[in-house]
Every structure is written in C-alpha cells, then in structure tokens.
Amino acid sequence: MFKKYIMAFLISMVPLIELRGGVPVGTGWGIPWHWCLLVCMLGNMLPVPFIFFFARKLLVWGSDKKVVGKFCSFCLKKGERGGKKLQQKAGGSVYIALLLFVGIPLPGTGAWTGTLAASILDLDFKKSIIAVVLGVLLAGLIMTIASQGVASLFT
C-alpha cells in the first residue's frame with residue numbers, strides 16, 4: 001500500500017497532471033480519500049517554491065538554447081498568458097484570482113502554471129503561496145468529490 005501512496009505523490013508532482021490526476025488514480029487504487037487528498041496536495045505543492053524562485057530564470061536562460069529553446073519559450077509564453085489573464089480577471093484581488101485559477105481543475109491551470117504566472121508577475125511570495133495552497137485544496141476537493149461521488153465521502 002505504501003507504494004501506492006508514493007505513486008500518487010509522484011503523479012501529483014508532474015506538470016499538467018498534478019493532483020488532478022493523482023487524486024483519481026490514488027483513490028482508484030484504494031487509498032482512503034482523505035489520505036489521498038493530503039498526499040496529493042503535498043506532492044503538488046512540493047515543487048511550488050522552486051517554480052516561484054527558479055523556473056522563470058531557468059526558462060529565460062534556456063529560451064535561446066538549441067535543444068530546449070522551443071520548450072522554454074512555450075513555457076514562458078504560457079506563463080505570461082496565464083499571468084495576463086489572471087490580472088485582467090482579478091479586478092479586486094489578484095490573489096483571489098490566483099486561488100481560483102489554480103483551484104478550478106481545467107486543462108492548463110494548476111499550481112505549476114499559477115506559480116509561474118505569479119513569478120512572472122512579480123507577486124508577493126507569501127501571498128502567492130497561500131493562494132496556491134488554497135487553490136490546490138479547492139482543486140483537490142473538487143477532484144475528490146468528482147472521483148468518489150458525494151455520497152461515498154460520508155460512508
């Protein structure tokens with residue numbers, strides 16, 4: 001069973017999949033939903049500080065390199081687009097918009113993209129992390145309910 005917890009944790013660390021994939025897979029393997037949610041949240045959040053502080057620098061550095069240039073440029077453009085959308089939709093608070101951006105489990109949203117957008121926008125680290133954690137919790141709850149059904153959560 002421990003192997004299943006580790007696999008759910010690792011799946012949740014993968015960009016684009018994140019806990020949106022980890023939670024359904026983990027609960028499908030028989031991990032109790034509350035432990036699966038916790039393990040997947042931890043896996044999803046582990047890369048966030050590194051993304052915030054280093055991803056932008058690494059992507060800028062790699063954007064003109066022969067082998068990884070296209071990928072780095074793609075990631076930078078995706079982060080910039082996400083950041084601009086976030087600012088446009090923010091209205092009152094960019095951090096609430098960041099929370100919702102990370103928390104609504106749609107393709108292209110999540111902790112990786114949200115954190116990269118926060119980094120590109122030079123948002124405050126502490127406030128950004130709080131918004132991303134809450135967004136990951138929201139996404140995790142949505143995915144848990146979607147993968148388990150509301151009734152099975154209370155049995």
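**Entry 1: elements and loop**

I begin with the naming of the elements: helices are DSSP runs of H or I with at least four residues, numbered from the N terminus. I also note at the outset that this is a predicted model, and I read every value below as computed from that model. With the helix names settled, I looked up Leu16, and I found it in the loop between α1 and α2 (18–28). Leu16 has a positive phi of about 75 degrees, although it is not a glycine. I then asked myself whether Leu16 is buried or exposed. Its relative accessible area is 67%, and because exposed means over 50%, Leu16 counts as exposed.

**Entry 2: Glu18**

I turned next to Glu18, which is found in helix α2. Its phi is near 50 degrees, again a positive value in a residue other than glycine. As for cover, Glu18 has 2% relative accessibility and therefore counts as buried, whereas Leu16 is exposed.

**Entry 3: the nonpolar patch**

Which residues make the nonpolar surface patch of about 480 Å²? I wrote down Phe2, Ile6, Met7, Leu10 and Trp29. Two of these I followed further, beginning with Met7, whose place is in helix α1 (residues 2–13). Met7 counts as partly exposed, at 35% relative accessibility. Leu10 also lies in helix α1, and at 41% relative accessibility Leu10 too counts as partly exposed. While I was at Met7, I looked up its separation from Met45, and the C-alpha atoms of Met7 and Met45 are 15 Å apart, with the two positions 38 residues apart along the chain.

**Entry 4: aromatic rings**

I recalled before going on that a pair of aromatic rings is described by the distance of the centres and the angle of the planes. How many aromatic pairs does the count give? The count comes to 3 aromatic pairs. One of them is formed by Phe52 and Phe53, an edge-to-face pair with 5.2 Å centre to centre and 80 degrees between the planes. Phe52 is buried, with a relative accessible area of 10%, while Phe53 is partly exposed, with a relative accessible area of 40%.

I then followed Phe53 to Phe125, where the ring centres are 4.6 Å apart and the planes stand at 35 degrees, so that the pair is tilted. Why does the pair of Phe53 and Phe125 tie together parts that are 72 residues apart in sequence? I take the answer from the helices: Phe53 lies in helix α4 (residues 48–62) and Phe125 in helix α8 (residues 125–148), so the pair ties those two parts together. Phe125 is itself partly exposed, with a relative accessible area of 30%. I close the entry by noting that ring pairs link Phe52, Phe53 and Phe125 into a cluster.

**Entry 5: the positive patch**

Last, I looked for charge on the surface, and I found that Lys77, Arg81, Lys85 and Lys89 gather in a patch of positive charge there. I followed one of these residues, Lys89, which is found in helix α5 (residues 69–90). Is Lys89 buried or exposed? At 70% relative accessibility, Lys89 counts as exposed.

Methods. Residues numbered from 1 in each chain as written. Predicted model: local features only at pLDDT ≥ 70, side-chain atom pairs only at ≥ 80, totals over all residues. Heavy atoms only, no water. Patch = residues over 30% accessible without salt bridge, like charges linked within 9 Å, V, L, I, M, F, W, Y side chains within 5 Å. Areas by Shrake-Rupley, 256 points an atom, 1.4 Å probe, with all protein chains shown as cover. Salt bridge = Lys/Arg side-chain N within 4 Å of Asp/Glu carboxyl O. Lys, Arg positive; Asp, Glu negative; His and termini not counted. Charge placed at Lys NZ, Arg CZ, Asp CG, Glu CD. Buried < 20%, exposed > 50% of the residue type's maximum accessible area, 1.4 Å probe, protein only. Phe/Tyr/Trp six-rings, centres within 6.5 Å; stacked < 30°, edge-to-face > 60°.
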